[in-house]
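Here are a few exercises to work through with the model open beside you. Try each task yourself before reading the solution.

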Amino acid sequence: MYLFKYILKRLGLMLFTFLVIITMCFVLVKLLPNSFEPKPGQDVQLILIRREMLGYDKPIIEQYFRFWFYALQGQFGASEILYPNQDVWPIFTSKLPFTMVLNLCSIILSIPVGLGLGIFAALKKNKWQDHVISTGVMIFVSVPSFIYAFLVKYLLYFKWGLFPATANAANGALSWDFIWSIVPAILSMSFGTIAGFARFTRAELTEVLTNEFMLLARTKGLTRAQATVRHAMKNAMVPIFPMILGEFISIMSGSLIIEQLFTIPGVGHLYIQSIQSQPNPDYNFFMLLNAFYILIGLLAGIVVDISYGIIDPRIRMGAR
Amino acid sequence: MNEERKYTEIPKSKFRFVDSSDIYHDKKIETKPVGYFQDALRRFSKNKASVVAAYIILFLVLYAIIGPFCFNQGYQDAYATDNQLIYYKELLPRISWLDGTGVWDGTKKVEVSQYTYDVYRGIGIETGHDPIVEVYDEFETEDIFHEKSKMYTIRVNTYYMVKAITLTLTYDQYKALQDWQDENNIQLILPRVKNQANATNPNIWYKSDQKGNAEKDINGNFVPAYYTDGPDDYTSEMRLEGDPGNWKYAQRTGQSGKYNYVVRVSAYDYFVYKYGFEPCFTFGTDTNGYDIFSRLASGARFSLLLAVFVSIINLTLGAIYGAIEGYYGGATDMVMERISDILANVPFTIVTVLFKLHLAPIIGKGALGIVVSLLLSFVVTGWIGMASRVRMQFYRFKNQEYVLAARTLGARDRRIMFKHIFPNSLGTIITGSVLVIPGVIFSETSLSYLGIIQLDTSTMSSVGAMLSAGQNVMTSSPHVVLFPCIFIALLMICFNLFGNGLRDAFNPSLRGSED
């Protein structure tokens with residue numbers, strides 16, 4: 001029951017934070033200049049009437065309630081510049097799978113590799129294997145992902161010609177063509193995550209391995225492998241598992257830079273497009289995607305916190 | 001007995017001095033006291049990787065400061081005004097004393113068709129700067145129509161394969177060119193070429209067919225196709241080798257009195273004429289013809305300056321905010337925590353975009369507005385990390401006895417906060433501010449790389465903008481992105497190593513653990 005209450009409380013707080021941020025964003029966006037350039041063949045009068053119908057000339061507070069009124073029905077307005085007069089929501093949902101597939105592949109690749117490297121390094125602590133892994137981790141954690149994205153693209157595409165330069169999205173997100181064409185993107189996204197996981201796992205596991213219960217386990221007659229898997233890993237996973245969960249939540253948000261560099265038609269790409277569109281950002285897309293990113297960020301945080309409580313009963317007790 | 005009880009009136013004579021020659025002291029402490037910072041410094045210098053990183057950072061910062069001054073100033077000043085720089089774009093890195101070695105000398109190995117091969121050879125014959133350094137291999141390829149064509153594997157010098165430039169000059173400018181070439185004995189002005197089918201390429205001075213392929217004579221030599229008629233007002237004594245005397249070096253246009261001259265010049269020599277030095281770019285040139293070495297340095301200087309400014313502002317704001325939160329606690333803490341909570345959850349990209357669109361036009365036109373709004377958007381959410389760190393320290397120290405003592409003595413809140421507690425959190429703050437710098441540089445780089453902020457003007461640049469500009473030419477000239485990449489990677493790694501070293505050094509609980 002207390003867990004339920006705790007979750008409810010956290011969710012309530014999250015909702016409050018979300019509302020405040022969205023309100024701030026909405027007001028700021030509405031304060032921005034919103035001009036338009038009629039394309040040849042477009043009737044200026046018609047556009048003006050449409051904008052009036054959309055309530056663009058009303059006070060901001062009225063527009064704000066109007067926004068929520070329609071948003072709660074799943075309508076986030078129509079795009080004005082990127083996809084003229086099309087609803088933003090279906091376009092957004094059609095982009096989402098690409099981002100999710102990209103991130104999912106990256107996570108599926110990086111979790112086992114990252115954990116494996118971390119465990120290996122922890123077991124071989126202060127031996128040369130550990131030093132090699134730690135140095136590599138240090139480099140990959142520090143260097144921004146787009147730097148090795150350059151390298152990956154240059155080697156895999158330009159030098160060796162293994163993969164197409166841009167994502168092949170013709171057959172949808174779940175097609176083999178698409179996944180094959182984004183392998184360079186997956187690789188360059190994974191390096192940083194792998195390094196992050198490896199570092200975290202190594203730190204946690206080395207700490208657990210020095211505990212006295214490990215000595216006890218060995219004294220009882222368990223082999224080193226048994227003791228590590230059954231006793232050390234379980235304890236080390238307490239902080240690692242929420243981290244993995246958080247990663248899973250954020251598969252939807254994706255990486256702006258990687259999507260841009262490999263021209264993957266995902267959400268991040270759409271976001272950049274909506275910002276850069278001329279003469280001003282495509283506000284309905286901008287607003288929707290902002291809300292989306294904020295929500296994902298908050299959700300990831302809350303899931304991490306709650307999963308701590310579920311995994312480790314001691315932390316759950318503290319929450320009461 | 002009675003005499004002994006009279007304690008109050010003990011005569012002075014009863015006292016005598018203890019033997020003063022025999023003084024007992026504690027042994028004097030011979031070791032020097034080690035202060036907090038001294039200790040941190042000592043333990044930091046034991047961490048070899050961090051020390052090396054610190055030196056590399058120092059080196060990179062020095063490069064950023066003096067780099068722009070190490071390169072021809074006149075050439076850098078020309079960025080804003082000169083539209084002929086584009087002819088010198090994407091030149092490969094070259095260090096003059098490595099010429100001829102094949103490494104870092106501005107040459108590269110390429111496969112070219114017969115057409116290109118002829119153009120290169122033509123440039124070599126005409127200007128005397130032969131782009132073809134070495135011919136490795138000749139081979140034949142077959143396209144899908146079974147049409148055979150000859151290919152060459154050659155090493156070319158990118159500095160010599162720049163195109164001949166066609167200029168339209170006034171008489172004075174034309175005369176100046178002639179005077180210069182007489183003075184320096186360099187054939188700068190090249191004869192005009194007759195209009196041919198392939199007139200767009202000013203390099204083709206020889207007779208060619210519809211596609212621009214050279215039509216050679218029996219001996220395999222090029223046949224010149226220069227103008228031999230029309231006035232050119234050419235008074236210079238320099239003549240191209242093999243000139244029978246009637247080749248024309250300019251095309252006169254316009255009316256008498258204000259003639260214009262269309263002149264074809266050798267691009268390499270024109271560079272020497274114009275900027276006064278032989279082109280030799282240590283890191284090559286970028287897509288605009290700007291020198292990468294100096295531009296990267298000034299971009300780095302901008303990024304570093306921004307990072308340091310942001311770090312200082314965030315440090316101050318965060319320290320004050322965190323101090324108030326941590327010291328007063330309770331309801332104050334609650335409210336302030338919620339505020340920072342909300343701010344922390346606003347994605348950084350959104351803040352930047354909103355600030356760029358909103359604030360930048362208000363502050364000022366062009367780069368200034370963007371830079372200031374960028375700075376502010378870093379500040380909006382940046383101080384939160386620092387504040388929570390300081391808050392934690394304050395919670396730790398505020399109930400300690402010495403604080404209580406200070407309060408008992410009547411010290412005001414402000415004094416306790418900043419005189420007594422704050423110095424204890426200084427280590428954390430220093431570490432934090434060092435680790436903020438790579439974060440800021442990373443964000444700035446990504447944002448300008450994504451094009452959300454445009455910092456790339458003729459006079460100003462940032463590392464991210466250089467990366468963004470270079471990625472389009474990654475196939476042909478990877479060096480344009482290579483150097484910014486190396487710089488940013490090196491900077492990131494070193495700052496992280498340095499920051500981690502500092503963090504360990506300032507963490508008293510690790511004292512003695514590494515000895």
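**Exercise 1.** Which residue's side chain meets that of Glu138(B) in a salt bridge? Find the partner, then place the pair in the fold.

*Solution.* A word on the source: this is a predicted model.
- Step 1: The partner is Lys150(B), with an N to O distance of 3.3 Å.
- Step 2: Glu138(B) sits in strand E2 (residues 132-142) of chain B and Lys150(B) in strand E3 (residues 148-157) of chain B, so the salt bridge ties together parts 12 residues apart in sequence.
- Step 3: Now check exposure. Glu138(B) has 46% relative accessibility and counts as partly exposed. Lys150(B), at 34%, is also partly exposed, because the partly exposed class runs between 20% and 50%.

**Exercise 2.** Work out the surroundings of Asp39(B): in which helix does this residue lie, and is it buried or exposed?

*Solution.*
- Step 1: Asp39(B) belongs to helix H2 (residues 36-46) of chain B.
- Step 2: Its relative accessible area is 4%, so Asp39(B) is buried, the limit being under 20%.
- Step 3: Look for charged partners. Asp39(B) and Arg43(B) form a salt bridge through their side chains, 3.3 Å from N to O. Both residues lie in helix H2 of chain B, 4 residues apart, which is about one turn of the helix. Arg43(B) is buried too, with a relative accessible area of 4%.
- Step 4: Add Arg42(B), whose side chain is joined to that of Asp39(B) by a polar contact of 3.0 Å. A network of salt bridges links Asp39(B), Arg42(B) and Arg43(B).

**Exercise 3.** Describe the salt bridge between Asp286(B) and Arg295(B): is each residue buried or exposed?

*Solution.*
- Step 1: The side chains meet at 3.9 Å, N to O; the cut-off is 4 Å, so the pair counts.
- Step 2: Asp286(B) is buried at 8% relative accessible area, and Arg295(B) is buried at 5%.
- Step 3: For the wider count, the structure holds 14 salt bridges over all chains.

**Exercise 4.** Characterise the interface of chain B and chain A: how many residues are in contact, and how much area is buried?

*Solution.*
- Step 1: On chain B, 33 residues are in contact with 36 residues of chain A.
- Step 2: The two chains bury about 3,100 Å² between them, with 84% of that on carbon and sulfur atoms. Ile342(B), Leu450(B) and Met474(B) lose the most area in chain B, together 19% of what that side buries.
- Step 3: Turn to polar links. There are 0 salt bridges between chain B and chain A, while 3 residue pairs are in polar contact across the interface.
- Step 4: Assign the chain B side to elements. Helices H9 (330-345), H10 (348-363), H14 (426-450) and H16 (479-506) of chain B each give two or more residues, and H16(B) gives the most, with 9.
- Step 5: Sort that side by type: 21 nonpolar, 10 polar and 2 charged residues.

**Exercise 5.** Which residues have the most contacts inside the largest nonpolar core?

*Solution.*
- Step 1: They are Phe150(A), Ile182(A), Ile264(A) and Leu296(B), in a core of 118 residues.
- Step 2: H16(B) supplies the largest share of this core, 16 residues.
- Step 3: Take Phe150(A) as an example. Leaving out residues up to four places away in sequence, Phe150(A) touches residues including Leu261(A), Tyr449(B), Leu467(B) and Met474(B).

How values were computed: Residues numbered from 1 in each chain as written. Chains lettered and ligands numbered in written order. Predicted model: local features only at pLDDT ≥ 70, side-chain atom pairs only at ≥ 80, totals over all residues. Heavy atoms only, no water. Contact = heavy atoms within 4.5 Å. Buried area = accessible area lost by both parts, 1.4 Å probe. Polar contact = N/O pair within 3.5 Å; in protein donor to acceptor, adjacent residues only side chain to side chain. Nonpolar A, V, L, I, M, F, W, Y, C, P; charged D, E, K, R; others polar. Core = buried A, V, L, I, M, F, W, Y, C linked by side-chain atoms within 4.5 Å. Buried < 20%, exposed > 50% of the residue type's maximum accessible area, 1.4 Å probe, protein only.
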